[in-house]
Amino acid sequence: MGSNVFKFKNLHLAFASFIVMVVGLAYGINPTRIMSFFFDFNVESVDLSHLLRAIMGLYLALGVYWIMGIFKPEHWRGATKTCTIFMGGLAVGRMISLIIDGIPSITFSIGMIMEIVFMIWGIINLKKE
């Protein structure tokens, strides 16, 4: 396998892990301030803070696994599969919400587009492998 293909495959995991980890940190570092600033809702209960920090932990864990897939070739396929499924799941959830709830803010619309791109990119990489 050529080194350019290898770099392209790893680029998928590198970008996805970076984005997911940044978003995870945004959800969990200080949910009270960040959610009201970016998403127009207030985190007013300890339970919601716990939920957002659990999501942060999930996002960080997945991001770490995807990075592991870059540096440990034996984990590349599993990392790429989980990334593709994760992004596809987020995109499907957003599409369901689009149908039921209507058009979201630009932030969420961009997120949905990015998730679809990462899902397709992962599928392409898995087929090339």
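Student: Which element gives the largest share of the lining of the second largest pocket?

Tutor: That's α4, with seven residues. Both α4 and α5 supply at least two residues of that lining. Keep in mind that this is a predicted model, where local features need pLDDT of at least 70 and side-chain atom pairs count only at pLDDT 80 or more, while totals for chains, interfaces and linings use all residues. Residues are numbered from 1 along each chain as its sequence is written, and side-chain values use heavy atoms, with hydrogens and water left out.

Student: What makes something a pocket, and what makes a residue part of its lining?

Tutor: Put a 1 Å grid over the protein atoms alone: a pocket is an open set of points where a 1.4 Å probe fits, with protein on both sides within 12 Å along at least five of seven lines, and a lining residue has an atom within 4 Å of a point. The second largest pocket has a volume of about 220 Å³, which is the space filled by probe spheres set on grid points joined across faces, edges and corners. Its lining has 13 residues, and L90, G93, R94, S97 and F108 are the closest to its centre.

Student: What are the nonpolar, polar and charged counts for that lining?

Tutor: Seven nonpolar, four polar and two charged. The sorting is by residue type: Ala, Val, Leu, Ile, Met, Phe, Trp, Tyr, Cys and Pro are nonpolar, Asp, Glu, Lys and Arg are charged, and the others, Gly among them, are polar.

Student: And what about the largest pocket?

Tutor: That one holds about 440 Å³ of space. Of its 20 lining residues, I19, V23, Y27, R94 and G111 are the closest to the centre. The elements that give it two or more residues are α1 (3-28), α2 (31-39), α4 (76-101) and α5 (106-128). By type, its lining splits into 16 nonpolar, two polar and two charged.

Student: How many helices and strands does the chain have, and what makes a run count as one?

Tutor: Five helices and zero strands. A helix is a DSSP run of H or I with at least four residues, a strand is a run of E with at least two, and numbering goes from the N terminus. The C-alpha atoms of the whole chain fill a box of roughly 50 × 30 × 20 Å along the principal axes.

Student: Why does the end-to-end distance of α3 agree with its residue count?

Tutor: The expected span is 1.5 Å times one less than the number of residues. With 26 residues (46-71), α3 should span 38 Å, and its end C-alpha atoms are 38 Å apart, so the two agree. For α4, also 26 residues, 38 Å is expected and the ends are 36 Å apart, which agrees too. Just after α4, G102 takes a positive phi of about 100°.

Student: Why is G88 called buried?

Tutor: Buried means under 20% relative accessible area, exposed means over 50%, and partly exposed lies in between, using a 1.4 Å probe and protein chains only. G88 has 9%, so it's buried. This glycine is in helix α4, and its C-alpha is 6.5 Å from that of E115, 27 residues away in sequence.

Student: Why does T84 get its label, and is F37 buried or exposed?

Tutor: T84 sits at 8%, so it passes as buried. F37 comes out at 66%, so it's exposed. T84 is in α4, whereas F37 belongs to α2. Across the chain, buried residues make up 33% of the 129.

Student: What makes W66 and F86 an edge-to-face pair?

Tutor: Rings of Phe, Tyr and Trp (its six-membered ring) pair if their centres lie within 6.5 Å; planes under 30 degrees apart are stacked, over 60 edge-to-face, and the rest tilted. The structure holds five aromatic pairs. For W66 and F86 the values are 5.7 Å centre to centre and 65° between the planes, hence edge-to-face. The pair links α3 to α4 across 20 residues. Both W66 and F86 are buried, and they share one aromatic cluster with Y27 and Y59.

Student: What makes K9 count as sitting over the ring of W76?

Tutor: The rule wants NZ of Lys or CZ of Arg within 6 Å of the ring centre and within 35 degrees of the ring normal. The charged end of K9 is 3.8 Å from the centre of the W76 ring, and it sits over that ring.
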